[in-house]
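Thanks for coming, everyone. Let me put the structure up, and then I'll walk you through a few spots.

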Amino acid sequence: MGAEVLRTERRILRRPREADREPFARMNADPRVMEFFPATLSRQESDALMERIKAHREQHGFSWCAAELQDTGEFIGFIGLAVPRFEAAFTPCVEIGWRLAAEYWGRGLATEGARTVVDYAFADLGLKEIVSFTTVANARSRRVMEKLGMTHDLADDFDHPGLAEGHAQRRHVLYRLRRNCD
Ligand SMILES: CC(C)(COP(=O)(O)OP(=O)(O)OC[C@H]1O[C@@H](n2cnc3c(N)ncnc32)[C@H](O)[C@@H]1OP(=O)(O)O)[C@@H](O)C(=O)NCCC(=O)NCCS
């Protein structure tokens, strides 16, 4: 985010640091975490992604945040906002996304962190709508979207332009969340 730190009950969302590169690369090399992405990332690819996250913040004033547990300071993954670089029926838009190391799954941490990011997007950035998307089979991520109150319209489903025709993960679902007061 643009803000230095966003706090939730159990975690802190903050700007990425050099020290995050190693646990970030470990997470991106884990086939469980990358099951619904085209491939795991090498150390070099993971570092390049970290650079893009930094450049995104410089360009837009917000980006993905590193998430750490308040109690222990452990790095557990990334949650945040991004402007997709591809064109589709629903772009331009701001996307909320999450990626946690597998040992931290199933404790509500993604949803808790994402709720804080939703508040930040609407209250601080003044956005009217945020979206999230994933490949159809990514039930865990879809469940997080549902728990955030996001809605899915079949008419918004799309083929991800970054994936070749015939790719098993090409078909994507789109979820939307509009600011309450509008
Ligand atoms: C998606 C992800 C961030 C979820 O993190 P998390 O901290 O486990 O999420 P939460 O605990 O807040 O919520 C997960 C929900 O999915 C449910 N779930 C877990 N496995 C599931 C499955 N196989 N099918 C359906 N739902 C499932 C959980 O029961 C929970 O729902 P509940 O609270 O109603 O029981 C994590 O799995 C992840 O990093 N995955 C890999 C990266 C990824 O796919 N990112 C999204 C790309 S769009």
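Let's start with two rings: are Phe90 and Phe158 buried or exposed? Phe90 is buried, and Phe158 is buried as well. Keep in mind throughout that this is a predicted model.

Those two rings form an aromatic pair. The geometry is edge-to-face, with 4.8 Å centre to centre and 65° between the planes. Now look at where they sit. Phe90 is in the loop between β4 (75-82) and β5, and Phe158 is in strand β8 (residues 158-159), so their pairing ties together parts that are 68 residues apart in sequence.

Phe158 has another partner, Phe133. That pair is edge-to-face too, at 5.7 Å centre to centre and 85° between the planes. Here the link runs from strand β6, which holds Phe133, to strand β8, which holds Phe158. They are 25 residues apart, and the pair links distant parts of the chain. Both of these residues are buried.

How many aromatic pairs does the structure hold? Nine. There is also one aromatic cluster made of Phe24, Trp64, Phe75 and Phe78. And one charge sits on a ring: Arg99 lies over the face of Phe37, 4.5 Å from the ring centre.

Next, helix α4. Please find residues 139-147. Which residues of α4 are buried? Ser141, Arg142, Val144 and Met145 are. Why do they fall on the same side of α4? Because they cover an arc of only 155° around the axis.

What do those buried residues pack against? On the strand side of the list, we have β5 (95-100), β6 (129-135), β7 (151-152) and β9 (171-178). There is a helix in the list too, α3 (109-124).

Now the two ends of α4. Ahead of the helix, Asn138 is found in the loop between β6 and α4. Its relative accessibility is 10%, so Asn138 counts as buried. The side chain of Asn138 makes a polar contact of 3.1 Å with the side chain of Thr134. After the helix comes Gly149. The phi of Gly149 is positive, near 90°.

Gly149 comes up again with Leu177, since the two are in contact. Where does Leu177 lie? In strand β9. Leu177 has 13% relative accessibility, so it counts as buried. Leaving aside neighbours within four places in sequence, its contacts also include Val118, Phe122, Glu129, Ile130, Leu148 and Met150. Lys128 is on that list as well. Leu177 and Lys128 are 49 residues apart along the chain, yet their C-alpha atoms are separated by 8.6 Å.

Last stop, the ligand. There are 21 residues around the ligand. Which of them come nearest? Leu100, Gly106, Thr111, Arg143 and Lys147.

Three of those bring side-chain N or O atoms up to ligand oxygens. For Thr111, the distance from a side-chain N or O atom to an oxygen atom of the ligand is 2.5 Å. For Lys147, it is 2.6 Å. For Arg143, it is 2.8 Å.

One thing to take back to the bench screen: look at α4 again. Arg142 is one of its buried residues, while Arg143 is among the residues that come nearest to the ligand. That's my tour. Questions, please.

Methods: Residues numbered from 1 in each chain as written. Predicted model: local features only at pLDDT ≥ 70, side-chain atom pairs only at ≥ 80, totals over all residues. Heavy atoms only, no water. Buried < 20%, exposed > 50% of the residue type's maximum accessible area, 1.4 Å probe, protein only. Helix = DSSP H or I, 4+ residues; strand = E, 2+ residues; numbered from the N terminus. Arc of directions from axis to C-beta. Contact = heavy atoms within 4.5 Å. Phe/Tyr/Trp six-rings, centres within 6.5 Å; stacked < 30°, edge-to-face > 60°. Lys NZ or Arg CZ within 6 Å of the ring centre and 35° of its normal. Near = heavy atom within 4 Å. Polar contact = N/O pair within 3.5 Å; in protein donor to acceptor, adjacent residues only side chain to side chain.
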